Amino acid sequence: MAPGIVLVVGKYLLIILIYVFVIIVFRALMTDVAAAAPQLRQRELPQPANRVAQPRPITRVAHARPCLVVVRSTVLAAGQRLPLGDSVSIGRRPENAIVLDDRYVSSRHALILVRDDRYFLQDYNSTNGTFVNGQPISDDVEIHGGDEIAVGSTVFRFIEGS
């Protein structure tokens with residue numbers, strides 16, 4: 001076989017191998033995207049308004065249960081009240097008590113729990129962190145009425161029961 005023919009055949013084989021490699025990488029990416037698709041629920045999310053929603057004034061109600069009130073969010077309506085139980089998980093996965101379909105929220109992001117009639121916030125080593133009154137938390141932090149809790153692009157205000 002002539003050396004010129006070997007070089008031409010080699011060039012074409014190299015080009016074919018590059019295309020096969022690109023196709024394999026593309027298929028792997030599409031498989032990962034398809035695997036993540038079940039996490040995207042079919043429910044409709046509230047559409048953001050063209051204007052910034054102003055939170056409603058928060059008033060204490062006698063014998064009200066502690067709750068989180070949405071101050072601002074891209075996925076929840078401002079002013080929405082979310083009652084708290086003994087343990088409330090926050091994250092992107094549907095198994096959480098509060099589901100935030102936000103790319104800045106980890107699948108298991110944070111947990112609010114009750115100990116000795118006091119509420120504590122715990123971060124689950126989330127990628128983007130959890131903040132109380134603008135400060136990142138690393139350990140369990142006791143939360144008090146009026147504290148602002150930021151998870152992803154959502155900010156809640158903690159309201160204590162009376």
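Which residue in E2 is the bridge partner of Val69? Keep that in mind while we get oriented; the answer comes with the sheet.

This is a predicted model, in which local features need pLDDT of at least 70 and side-chain atom pairs count only at pLDDT 80 or more, while totals for chains, interfaces and linings use all residues. Residues are numbered from 1 along each chain as its sequence is written, and side-chain values use heavy atoms, with hydrogens and water left out.

Let's begin with confidence. The pLDDT, the predictor's confidence in each residue on a scale from 0 to 100, averages 84 over the protein, and 80% of the residues score at least 70. Over residues 39-45 the pLDDT is below 50, and this stretch has nine contacts in the model beyond near neighbours in sequence (a contact means heavy atoms within 4.5 Å). Among the elements, helix H1 (residues 3-36) has the lowest mean pLDDT, 87, and strand E10 (residues 148-151) the highest, 96.

The secondary structure comes to one helix and 11 strands. Helices (H or I, at least four residues) and strands (E, at least two) are DSSP runs, numbered from the N terminus. Along the chain, the order of elements is α-β-β-β-β-β-β-β-β-β-β-β.

Now to the sheet. Six strands form an open sheet in the order E2-E1-E11-E10-E7-E8, with antiparallel pairing; two strands pair if DSSP finds at least two bridges between them. E2 and strand E8 (135-136) stand at the edges with a single partner strand each, so one side of each has no neighbour in the sheet.

Strand E1 (residues 67-72) is a good place to look closer. On one side, E1 pairs with E2 (residues 81-83) in the antiparallel sense over three bridges. Here is the answer to the opening question: the partner of Val69 is Arg81. Cys67 likewise has a bridge partner in E2, namely Pro83. Five bridges join E1 to E11 (residues 154-159), and these two strands also run antiparallel; in E11, Phe158 is the bridge partner of Leu68. Five of the six residues of E1 are buried, so the strand is largely enclosed by the rest of the structure. Buried means under 20% relative accessible area, exposed over 50%, and partly exposed in between (1.4 Å probe, protein chains only).

Leu68 leads us inside. A nonpolar core is a set of buried Ala, Val, Leu, Ile, Met, Phe, Trp, Tyr and Cys residues joined through side-chain atoms within 4.5 Å. The largest one has 22 residues, and those with the most contacts inside it are Leu68, Leu100, Ile112, Ile149 and Phe156. At least two residues of this core come from each of E1, strand E3 (87-91), strand E5 (110-115), strand E6 (118-123), E10 and E11. Leaving aside neighbours within four places in sequence, Ile149 is in contact with ten residues' worth of company, including Leu68, Ile112, Phe156 and Phe158.Finally, consider the aromatic rings. Rings of Phe, Tyr and Trp (its six-membered ring) pair if their centres lie within 6.5 Å; planes under 30 degrees apart count as stacked, over 60 as edge-to-face and the rest as tilted. By this rule there is one aromatic pair. Tyr119 and Phe158 form this tilted pair, at 5.4 Å centre to centre with 50° between the planes. Tyr119 lies in strand E6 and Phe158 in strand E11, so the pair ties together parts that are 39 residues apart in sequence. Phe158 is buried, with a relative accessible area of 0%, and Tyr119 counts as buried at 13%.
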